[in-house]
Amino acid sequence: MSLASWFRWNEPPNRISQRNPTEMVVETLMMELNWQIKQAEKQQRERENEYRKMKTGVDYGWLVSYPKQGYDISPGERLQLEDMCTKIHPSYCGPVILRFRQVVAEYEPEAQEVSRLFRSVLQEAAEKIKEEEEAKKLARQWNTKNRTSLSLTTFKSRSRISPFISDIKTISEDVERGTQPNRRIWSMPEFRNTKDF
């Protein structure tokens, strides 16, 4: 036994898992899918027992043995669903599970239909994530555009455009006085520094 093992209590605790967050999301979502399939099988058996009991009037449920191996999705479908799970950001894992449970509770599907519902929930989440990313991208672009126009904002704060100040000469004043207008272009407003006010 080495001396280093005695001092392990002084080391910071290791993270729960050294795995990639995407792998953890895939594993968590697939575990939820498997659990929901098992629950759907259980509910299906209970419905069948209730139907038999109502039909015969006698409960023989204690005699029935169910196969250990239940419904399982095909390997190809499993790979497709795992690929879809990789597109889910870790922060959306919880909301996806809640939405999936809500949909399963709403539809009460057969075991074979659970994977189809899971796929629809994953597609819905992926579309929502994509929309939010596009909105963030647009917001970043908008913020970048606003930053480049800050020079104009500082220019506006230093000088003012004053088209209605009384000491501005107009063409009509020159006509009334009978004088020649000076070389100034009359369509342009007069710019003055804020120090003049």
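Is Glu32 buried or exposed, and what is its relative accessible area? Let me start there, keeping in mind that what we are looking at is a predicted model. Glu32 has a relative accessible area of 7%, and because buried means under 20%, this residue counts as buried. If you want to find Glu32 in the structure above, look in helix α2, which covers residues 21-56. Leaving aside residues up to four places away in sequence, Glu32 touches Ile97, Phe100 and Arg101. With Arg101 there is also a polar contact, made from side chain to side chain, at 2.8 Å.

Phe100, which we have just met as a residue that Glu32 touches, brings me to the aromatic rings. The count of aromatic pairs in this model comes to one. The partners are Phe100 and Phe118, whose ring centres are 4.9 Å apart and whose planes stand at 65°, so the pair is edge-to-face; the cut-off behind that word is an angle over 60 degrees. Along the chain these partners are 18 residues apart, and the pair links distant parts of it, since Phe100 sits in helix α4 (residues 93-107) and Phe118 in helix α5 (residues 111-148). Both Phe100 and Phe118 are buried.

Next, I would like to turn to helix α3, which runs over residues 75-86. This helix has 12 residues, and from its first C-alpha to its last it reaches 17 Å, which is close to the 16 Å expected at 1.5 Å a residue. Within α3, the residues Leu81, Met84 and Cys85 are buried, and because they cover an arc of only 105° around the axis, they lie on the same side of the helix. It may help to recall that an α-helix has 3.6 residues a turn, so residues three or four places apart point the same way. On the other side of α3 we find Pro75 and Leu79, which are exposed.

Finally, let me stay with Cys85, because its relative accessibility is 0%, and so it counts as buried. Which cysteine sulfur is nearest to that of Cys85, and how far away is it? A disulfide, as a reminder, is a covalent bond between the sulfur atoms of two cysteines. The structure holds zero disulfides; for Cys85, the nearest cysteine sulfur belongs to Cys93 and is 8.3 Å away. Seen from Cys93, the closest cysteine sulfur is that of Cys85, and the 8.3 Å between them is too far for a bond, because a disulfide needs the sulfur atoms within 2.5 Å. Cys93 is buried as well, with a relative accessible area of 10%.

Key. Residues numbered from 1 in each chain as written. Predicted model: local features only at pLDDT ≥ 70, side-chain atom pairs only at ≥ 80, totals over all residues. Heavy atoms only, no water. Phe/Tyr/Trp six-rings, centres within 6.5 Å; stacked < 30°, edge-to-face > 60°. Helix = DSSP H or I, 4+ residues; strand = E, 2+ residues; numbered from the N terminus. Buried < 20%, exposed > 50% of the residue type's maximum accessible area, 1.4 Å probe, protein only. Polar contact = N/O pair within 3.5 Å; in protein donor to acceptor, adjacent residues only side chain to side chain. Contact = heavy atoms within 4.5 Å. Expected span 1.5 Å × (residues − 1). Arc of directions from axis to C-beta.
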